[in-house]
Amino acid sequence: MSKEDNKQINWYQLDSKEVLEKLESSDKGLTPEEAHRRLERYGLNALIEKKRKSLWMMFLDQFKDFMILVLIAAAVVAGLIGDPVDTIAIVVIVLLNAVLGFVQEYRAEKAMAALKKLASSSATVIRGGQTESITAERLVPGDMVILEAGNMVPADIRLMETVQLRIDEAALTGESVPVEKETTALRETDLSIGDRKNMAYKGTLVTYGRGRGLVVATGMGTELGRIAALLQDQDEGRTPLQKRMTAFGQKLTYAVLAICVIVFVAGLLRGEPALLILLTALSLAVAAIPEALPAVITISLALGAKKLVKQQALIRKLPAVETLGSVTYICSDKTGTLTLNRMTVEKVYVDGQLLPTKELPASGKEEAAEVSLSGRKPSVLLLKALALCNDVRLDASGGVIGDPTETALFDLAREKGYLREKLDEKHPRLAEIPFDSDRKLMTTFHPWENGRVISFTKGAIEEIVGRSEKALVHQGREEIDRPKVLKTAEQIASGGLRTLGFAMRIWESLPEPLTSEQAETGLVFMGIVGMMDPPRPEAAESVAMCRSAGIRPVMITGDHPLTAEVIARRVGILRGEGEATMTGRELAQLSLEEFEDQVEKIRVYARVAPEQKLKIVKALQDKGHFVAMTGDGVNDAPALKRADIGVAMGITGTDVSKEASHMILLDDNFATIVKAVREGRRIFDNIRKFIKYTMTSNSGEIFTIFLAPFLGLPIPLLPIHILWINLVTDGVPGLALAAEPGEKDIMGRPPRHPKESIFAKGLSVHIIWVGLLMGTVSILTQALFINNTGTHWQTMVFTVLCLSQMGHVLAIRSEQESFFKQKTNKPLLGAVLLTFVLQMATIYVPFLNPIFKTEPLTAGELVITILLSTVIFLAVEIEKAIKRSRNNDLKTCLE
């Protein structure tokens with residue numbers, strides 16, 4: 001059989017005989033000779049990696065960004081005009097950026113290495129009728145493999161024999177409960193991996209029982225191999241910030257070149273010395289480039305990442321911090337993220353009543369001390385059955401170890417005061433009939449009154465009802481009303497709960513023989529428990545916050561559609577018309593184009609396969625959305641890598657998912673994603689404030705130099721003045737904006753449109769009008785004092801321009817809120833004071849005067865200079881007051 005034929009067969013649909021025929025194998029396995037031939041045909045059972053980029057090329061790629069190229073050009077120009085400080089600063093910033101980018105990309109390459117770790121190192125096979133242990137990579141299709149508890153499944157296997165075999169497939173399907181395996185052929189088509197109960201998949205873990213089966217796929221032909229191929233095919237997209245910075249750098253370059261040419265030509269026409277005007281134009285070019293911008297971005301992202309760690313979110317790739325603020329969709333797993341990842345009993349049907357667990361009686365002091373089974377109240381006897389007919393055990397710290405379903409039963413009994421360790425003292429387990437998938441029952445036997453024995457049986461409700469003749473009620477026993485009990489079970493199940501039935505029987509002595517046929521008939525029905533993995537308490541509030549922030553939360557799960565819908569409604573993901581649920585089978589029948597027509601209406605996806613998660617991400621991205629995708633399994637890795645923000649689970653997540661992600665939730669909590677979105681928005685706001693501040697400062701300098709000659713005035717600033725203002729005002733105060741707290745309405749506004757310009761929402765207008773006002777105040781200072789003998793007009797203009805920028809940075813801390821109502825930003829206040837002191841030093845420290853071409857100002861000149869510098873601060877405060885008034889008027893109209 002060829003590799004292609006092998007891939008096209010749905011092995012789960014074939015019975016054991018057909019599988020043996022197709023693979024040309026037998027119960028004795030392949031002969032060693034045939035196994036060798038197939039190894040040459042199919043290749044090793046290993047995951048194959050694509051050729052990686054060299055470390056050197058990975059590092060050089062960090063210099064391809066347009067903004068970085070602009071900065072390198074600015075460094076060269078600064079060096080040519082004799083400004084080594086700027087040159088060194090720019091080179092350091094560029095190298096720091098390159099190192100950070102290199103580290104992030106190198107980490108991303110580790111995802112494939114983590115995936116390969118899931119490959120089992122050895123396997124037990126039957127070849128030529130002999131059992132032997134071989135390295136797993138030498139397995140071939142047709143090999144008969146033996147599986148036991150604790151084994152990692154070494155290849156994709158069609159099971160031929162199972163004995164209470166359970167396999168944890170959470171890494172592939174996201175399903176938290178180990179799957180009970182069987183051997184019967186499944187005739188349905190397009191079954192999801194989670195529903196293929198006669199298959200075992202490479203990379204999953206055998207938790208209980210034993211079995212054996214035929215290898216049907218190896219290496220890249222396995223489900224794990226398909227995920228590896230998907231993972232290697234996904235290129236990480238550029239973040240919104242990276243795209244915006246590229247566009248910003250291109251526009252800025254054209255603007256700077258144009259201004260330099262205009263200033264140089266205008267200066268020559270006015271008769272300025274050619275060398276002076278050339279140096280002025282070049283200085284202006286260097287000043288116009290916000291070389292501190294990459295540093296501000298890096299520091300803002302690093303500070304944000306540090307803050308998020310304290311909020312249980314670990315950022316693996318720094319740009320992801322800001323990208324969170326652009327997210328329009330959060331596609332979240334259900335289990336453990338929106339829910340507690342802990343099965344909990346929510347409802348109990350006992351004594352003819354359907355009750356929430358809080359209404360069940362707790363054990364009284366007298367009864368707790370007695371701990372006998374003689375309590376005749378049906379609810380009391382049922383709670384004792386939950387504790388005794390149970391295989392969980394306690395570890396040294398008191399933690400519960402065992403199957404999630406049994407743990408839920410044990411927890412409820414313990415919560416109500418029925419402790420198994422106390423009950424075991426008088427009623428130890430005498431015998432048991434273990435659970436198996438054929439009968440779907442488990443029975444335990446315990447001492448009862450007067451030397452008799454009581455058996456407790458639990459299992460599938462249909463089996464319990466079918467084997468029961470009576471029902472336990474508070475009056476004693478009565479004929480069981482089977483239709484009523486089954487209808488109640490359906491009612492419980494319709495609420496998304498898993499049902500489990502309980503029954504009992506009194507024996508004169510331990511039955512002989514101890515078989516299901518003998519001991520699990522003639523039972524007395526006790527009740528039904530309904531369990532589910534409940535939503536986290538904070539999930540509904542976080543989902544509501546997402547909606548108010550314009551973000552659409554979506555649930556993607558491997559669980560059943562009914563359970564998914566119930567949880568989705570309880571947390572608020574599904575709440576109205578036009579919001580739909582789609583299964584993996586329905587999704588598989590749609591082309592990408594057909595799916596894109598519906599994708600914005602779907603809020604819940606159930607029973608999805610790995611490539612379908614990727615399909616969901618692609619469809620949303622094609623519709624122009626920025627997607628955050630959560631995941632913990634191997635199956636999630638390709639989608640995590642492709643998503644704009646891949647969010648892995650820190651507690652339940654596999655190494656593969658963590659390495660493919662941008663962010664790891666240390667507490668596996670959906671609410672943490674919402675906190676991270678808030679932080680991402682704050683960081684982008686602060687980066688935007690820096691751009692507003694630095695570009696307005698630069699435009700103020702440009703207008704001052706550009707307009708003066710047209711008004712018949714000499715160029716008011718020397719190159720050293722321009723470079724000094726650029727150094728002290730753009731640097732420290734701008735960096736301090738990174739510490740600015742978030743705006744009050746930060747989660748009450750919609751996400752930024754992914755294609756929105758960095759200059760949107762009036763930023764470009766602000767840069768022009770405030771820069772023009774800054775230039776006007778500076779030129780006005782020059783015009784007023786240039787003809788007054790004895791005044792130091794150039795020093796005054798230099799100082800007015802410098803301090804005006806300090807007033808501006810204080811005013812733009814908030815888009816609308818008044819400076820006087822904001823909390824203090826201590827780093828920014830300190831930066832402004834430091835800049836003021838440094839500026840005063842250039843004026844009043846004698847040895848600095850010849851360097852900066854300044855003269856000490858008189859007290860009167862200094863007062864006038866400071867007063868003129870406040871004009872910008874007051875003007876921006878007035879602008880914010882007008883915005884607040886307009887918003888209040890709009891709110892009044894809407895109300």
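The legends below describe close-up views of a predicted model.

**View 1. A negative surface patch with a main contribution from helix α24**. Glu593, Glu594, Asp597 and Asp622 together form a negative patch on the surface of the predicted model. Helix α24, which covers residues 592-598, gives the most to this patch, with three residues. Glu593 has its place in helix α24, and because its relative accessible area is 55%, above the 50% cut-off, Glu593 counts as exposed.

**View 2. A nonpolar surface patch made by Trp56, Met57 and Leu60**. These side chains, Trp56, Met57 and Leu60, make a nonpolar patch of about 330 Å² on the surface. Leu60 lies in helix α4, which runs over residues 55-60, and with a relative accessibility of 35% Leu60 is classed as partly exposed.

**View 3. Two salt bridges within helices, Glu34 with Arg38 and Asp411 with Arg414**. Side chains of opposite charge can pair when their charged atoms come close. In helix α3 (residues 32-42), Glu34 and Arg38 are four residues apart, about one turn of the helix; they form a salt bridge in which the closest N and O atoms are 2.7 Å apart, and both residues are buried. In helix α16 (residues 404-415), Asp411 and Arg414 are three residues apart, again about one turn of the helix, and their side chains meet in a salt bridge with an N to O distance of 3.5 Å. Asp411 is partly exposed at a relative accessible area of 24%, and Arg414 is likewise partly exposed at 32%. An α-helix has 3.6 residues a turn, so residues three or four places apart point the same way.

**View 4. A buried salt bridge between Asp636 and Lys613**. The closest N and O atoms of Asp636 and Lys613 are 2.2 Å apart in this salt bridge. The pair links distant parts of the chain, 23 residues apart, with Asp636 in the loop between β24 (627-631) and α26 (637-642) and Lys613 in helix α25 (residues 610-622). Asp636 has a relative accessible area of 1% and is buried, while Lys613, at 3% relative accessibility, also counts as buried.

**View 5. A network of salt bridges**. Asp436, Arg439, Glu463, Arg467 and Glu520 are linked in this network, in a structure that holds 40 salt bridges.

**View 6. The buried helix α32**. Helix α32 comprises 19 residues (793-811), for which a rise of 1.5 Å a residue gives an expected span of 27 Å, and this agrees with its end C-alpha atoms, which are 27 Å apart. The helix is mostly covered, with 19 of its 19 residues buried.

Notes:
Residues are numbered from 1 along each chain as its sequence is written. This is a predicted model: local features need pLDDT of at least 70, side-chain atom pairs count only at pLDDT 80 or more; totals for chains, interfaces and linings use all residues. Side-chain values use heavy atoms; hydrogens and water are left out. Patches are made of residues with over 30% relative accessible area and no salt bridge: like charges are joined within 9 Å, nonpolar side chains (Val, Leu, Ile, Met, Phe, Trp, Tyr) within 5 Å. Accessible areas come from the Shrake-Rupley method with a 1.4 Å probe; for residues, only the protein chains shown count as cover. A salt bridge is a side-chain nitrogen of Lys or Arg within 4 Å of a carboxyl oxygen of Asp or Glu. Lys and Arg count as positive and Asp and Glu as negative; His and the chain ends are not counted. The place of a charge is taken as NZ of Lys, CZ of Arg, CG of Asp or CD of Glu. Helices (H or I, at least four residues) and strands (E, at least two) are DSSP runs, numbered from the N terminus. Buried means under 20% relative accessible area, exposed over 50%, partly exposed in between (1.4 Å probe, protein chains only). The expected span of a helix is 1.5 Å times one less than its number of residues.
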